[in-house]
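This report looks at pairs of oppositely charged side chains and at where their members sit. Please keep the sequence and the model at hand while reading.

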Amino acid sequence: MGTPNKYNSNLCKIALKVLADGESLAAVCAELEITRETLRVWRDRHKEFRDAINMGLLKSQRIWEKIGLDGIKGNYEKFGAAPWIFTM
């Protein structure tokens, strides 16, 4: 399992990609095989990791907002606003 000494800068790209695909911090942890606590430690200790997480979260939010907008506009045959709200 993940420990703080497993960190390397290549993990930033992986974390950014997972989040940019619209996934969650839990998905980042699963992909990196670390705990949420380790993610928090790395985010606090490594600026490049913190920046990747922050940018990834923005990209993820953008994806989910677009899904909502497209749903409101009727671009999805069966858009469920309630599940979308809870996902947001």
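Is D70 buried or exposed? In this predicted model, D70 is buried, because its relative accessible area is 13%, and buried here stands for a value under 20%. The side chain of D70 nevertheless takes part in a salt bridge with K66, with 3.0 Å from N to O. D70 and K66 both belong to helix α4, where they are four residues apart and therefore separated by about one helical turn.

Side chains of opposite charge can pair when their charged atoms come close. The structure holds four salt bridges, and three of them, including the one just described, are set out below.

| Salt bridge | N to O distance |
|---|---|
| R40 and E37 | 3.3 Å |
| K47 and D51 | 2.6 Å |
| D70 and K66 | 3.0 Å |

Helix α4, which covers residues 47–72, also carries K47 and D51, and these two residues are four apart, about one turn of the helix. K47 is exposed, with a relative accessible area of 54%, whereas D51, at 36%, is partly exposed.

The pair R40 and E37 lies in helix α3, which spans residues 36–45, and because the two residues are three apart there, about one helical turn separates them. R40 counts as partly exposed, with a relative accessibility of 37%, and E37 is likewise partly exposed, with a relative accessible area of 44%.

Methods:
Residues numbered from 1 in each chain as written. Predicted model: local features only at pLDDT ≥ 70, side-chain atom pairs only at ≥ 80, totals over all residues. Heavy atoms only, no water. Buried < 20%, exposed > 50% of the residue type's maximum accessible area, 1.4 Å probe, protein only.
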